[in-house]
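Thanks for making time this morning. I would like to walk through one model with you, beginning with how its two chains meet and then moving to the sheet and a few backbone details.

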2 protein chains.
Amino acid sequence: MSCELCDQAGGPLLWQGDRARVVLVDDADYPGFCRVIWQAHVKEMTDLPEADQLHLMRLVFAVEAVLRTVLQPEKINLASLGNMTPHLHWHVIPRFRDDRHFPSPVWAAAAREQSAQALPDGWQVRLRESLSACLDALG
Amino acid sequence: MSCELCDQAGGPLLWQGDRARVVLVDDADYPGFCRVIWQAHVKEMTDLPEADQLHLMRLVFAVEAVLRTVLQPEKINLASLGNMTPHLHWHVIPRFRDDRHFPSPVWAAAAREQSAQALPDGWQVRLRESLSACLDALG
């Protein structure tokens with residue numbers, strides 16, 4: 001069975017570590033939407049040894065922290081679903097009051113035509129630099 | 001501001017610890033859908049000290065492990081959203097190939113009229129007993 005997260009990066013690479021990588025999700029409604037992808041093909045969090053579970057969550061929370069600092073969203077949404085692609089990955093989604101689905105989950109019916117928020121100038125550079133600084137420390 | 005997860009249990013209580021509780025979500029399409037709710041009114045994972053972040057995740061993963069053992073789902077979905085109720089809580093959702101939304105997230109448009117899976121006899125008792133055994137050890 002081929003797996004798209006084994007075969008491809010899954011989006012523009014923001015950071016790469018030994019055990020996981022972070023990519024930017026290409027979604028016009030959700031700039032700053034990041035995915036933290038485990039390198040090995042593993043299905044569930046509880047298929048990982050505890051040390052790896054906690055390492056992956058530290059990475060997810062570091063991405064959350066950086067997104068909060070750089071984008072100042074109303075809320076962060078975290079999710080590990082993987083029904084279609086059962087290769088462990090976490091969605092880290094900055095949410096804004098005027099985004100396309102708020103306050104519903106991004107997978108629900110849209111609440112408005114399009115997202116209206118304007119992100120601060122240079123957010124992509126700041127996101128990449130801050131992620132490198134924080135995630136390199138975690139390995 | 002009143003908060004429904006401060007004011008109410010949020011569902012039938014399956015387990016109660018010092019820092020968090022686990023409730024069963026009342027959703028006819030998703031039997032076994034559990035929520036792990038932090039006791040204190042905290043908005044984001046990164047508002048917690050690291051020790052509490054990891055404790056909460058250990059509880060979430062223990063619930064995942066128990067659900068996998070008792071219900072043998074196709075997939076577990078984990079999510080911390082909180083756009084409407086910004087009081088830290090994790091959805092732990094056992095997913096089945098013939099459930100109402102599979103393989104979409106449970107918040108998406110339904111894929112079929114209703115869920116068809118039959119859960120094993122006595123699953124509720126086994127879920128409660130297994131959760132107690134696993135979660136009491138984590139505190």
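Between chain A and chain B, 28 residue pairs are in polar contact, both residues being at pLDDT 80 or more; a polar contact here is a pair of N or O atoms within 3.5 Å, where within protein one must be able to donate a hydrogen and the other to accept it, and where residues adjacent in sequence count only if both atoms are side-chain atoms. Please keep in mind that this is a predicted model, in which local features need pLDDT of at least 70 and side-chain atom pairs count only at pLDDT 80 or more, while totals for chains, interfaces and linings use all residues. Residues are numbered from 1 along each chain as its sequence is written, chains are lettered from A and ligands numbered from 1 in the order in which they are written, and side-chain values use heavy atoms, with hydrogens and water left out.

On the chain A side of this interface, helix 2 (50-71), strand 4 (75-80) and strand 5 (89-95) each supply at least two residues, and helix 2 of chain A gives the most, with 9 residues. Helices (H or I, at least four residues) and strands (E, at least two) are DSSP runs numbered from the N terminus. The contact, meaning heavy atoms within 4.5 Å, takes 33 residues from chain A and 33 residues from chain B.

The area buried between the chains is about 3200 Å², with carbon and sulfur atoms giving 55% of that; buried area is the accessible area (1.4 Å probe) that two parts lose on being put together, summed over both. A:F61, A:K75 and A:N83 supply 20% of the area that chain A buries against chain B, more than any other three residues.

How many salt bridges cross the interface of chain A and chain B? The rule, a side-chain nitrogen of Lys or Arg within 4 Å of a carboxyl oxygen of Asp or Glu, finds 8 of them there, and a search of the whole structure finds 16 over all chains. One is formed by B:D47 and A:R68, whose closest N and O atoms are 3.0 Å apart, and another by B:E74 and A:K43, at 3.7 Å. That second pair joins two chains, because B:E74 lies in the loop between helix 2 (50-71) and strand 4 of chain B and A:K43 in the loop between strand 3 (34-38) and helix 2 of chain A.

Now to the sheet. Strand 4 of chain A runs antiparallel to strand 4 (residues 75-80) of chain B, joined by 3 bridges, and A:S80 has B:L78 as its bridge partner; two strands count as paired if DSSP finds at least two bridges between them. The open sheet has 10 strands with antiparallel pairing, in the order 1(A)-2(A)-3(A)-5(A)-4(A)-4(B)-5(B)-3(B)-2(B)-1(B). Strand 1 (13-16) of chain A and strand 1 (13-16) of chain B stand at the edges with a single partner strand each, so one side of each is left without a neighbour in the sheet.

Lastly, the backbone. Most residues other than glycine have a negative phi, and most peptide bonds are trans. A:Q72, in the loop between helix 2 and strand 4 of chain A, has a positive phi near 45°. A cis peptide bond joins A:F102 and A:P103, with omega about 5°, and a cis peptide bond also joins B:F102 and B:P103, with omega about 5°.
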